[in-house]
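User: Please take a close look at one part of this structure, the pocket and the helices around it. I would like one connected account.

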Amino acid sequence: MDGPTRVLSLARFLVARPVLATPTFGASKRNLPGRTARPTLAIYGRAKTEAGMTGADTLLWLVHAASTLFMLGVIAVIQWVHYPLFARVGVAGFPAYASEHGRRITWVVAGPMLVELATAIWLVFRPLPPGVPGWMAWAGLVAVLVLWGSTFLLQVPQHEALRVGFDPEAHRRLVSSNWLRTVLWALRGVWVLYLLARAIGREC
């Protein structure tokens, strides 16, 4: 075989030879020849499949859902049982009762509310479960911020007024304004259950 013939044969061999794809950053070890690699999405310097949820993502959703559902239970008891009974305490002992109530309830709700807020902020920067639009994470965060705003702008001032002594008008404003938090946490409860179901791979 002469020189030109050898060169032509080598060229034909190289063209016909299957070319293995060069591994890219974040490519899965399972992307072997013959398998189609799924598109990847780089998050915080780490690649993950757009359709998949990591174990850390699922844990984040669990913690977020737990804090929201805990607060839903707390606000339901407060709205239907706790606040209405303020009027039954009695005028003489109410200032001491209101002060002690404020101290004790803070220990119950401060931790879960902070966890809910922190995880809601974190979730807007994490990939959502498959089929869930990105605006849902932002809507959840906005709802949490409205809850915090309602607490400090609407409910806390009424509690401060009641520390001085029982005031029927302050009590009425407290109960009526707290419906905003009750409804919002109820909506968030449905919201987190839906997204949690998607995060763990269950179709709703």
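Analyst: What follows goes from the pocket to its lining and then to two of the helices that supply it. The model is predicted.

The largest pocket has a volume of about 490 Å³. Its lining consists of 26 residues, and those closest to the centre are Ile105, Thr106, Val109, Thr151 and Val156. Sorted by class, 17 of the lining residues are nonpolar, six are polar and three are charged. At least two lining residues come from each of α2 (55-82), α3 (94-123), α4 (135-164) and α5 (168-199).

Of these helices, α3 and α4 can be described as a pair. Two packed helices are described by the angle between their axes and the distance between the axes. For α3 and α4, the axes come within 11 Å and cross at roughly 170°. Because angles over 145 degrees count as roughly antiparallel, α3 is roughly antiparallel to α4. The contact between α3 and α4 has 16 nonpolar, five polar and two charged residues.

α4 itself is bent: the bend is about 35° at Gln155, and Pro157 follows within four residues. The end-to-end span of α4 can also be checked. At 1.5 Å a residue, its 30 residues should span 44 Å, and the C-alpha atoms at its ends are 44 Å apart, so the two values agree.

Technical notes
Residues are numbered from 1 along each chain as its sequence is written. This is a predicted model: local features need pLDDT of at least 70, side-chain atom pairs count only at pLDDT 80 or more; totals for chains, interfaces and linings use all residues. Side-chain values use heavy atoms; hydrogens and water are left out. On a 1 Å grid over the protein atoms alone, a cavity is a set of points where a 1.4 Å probe fits but cannot get out, and a pocket is an open set with protein on both sides within 12 Å along at least five of seven lines; lining residues have an atom within 4 Å of a point. Grid points are joined across faces, edges and corners, and a volume is the space filled by probe spheres set on the points. Ala, Val, Leu, Ile, Met, Phe, Trp, Tyr, Cys and Pro count as nonpolar, Asp, Glu, Lys and Arg as charged, and the others, Gly among them, as polar. The expected span of a helix is 1.5 Å times one less than its number of residues. The bend at a residue is the angle between axes fitted to the seven residues ending there and the seven starting there. Axes are lines fitted to C-alpha atoms, for helices over the stretch in contact, and angles run from 0 to 180 degrees between N-to-C directions. Angles under 35 degrees count as roughly parallel, over 145 as roughly antiparallel, 65 to 115 as roughly perpendicular and the rest as oblique.
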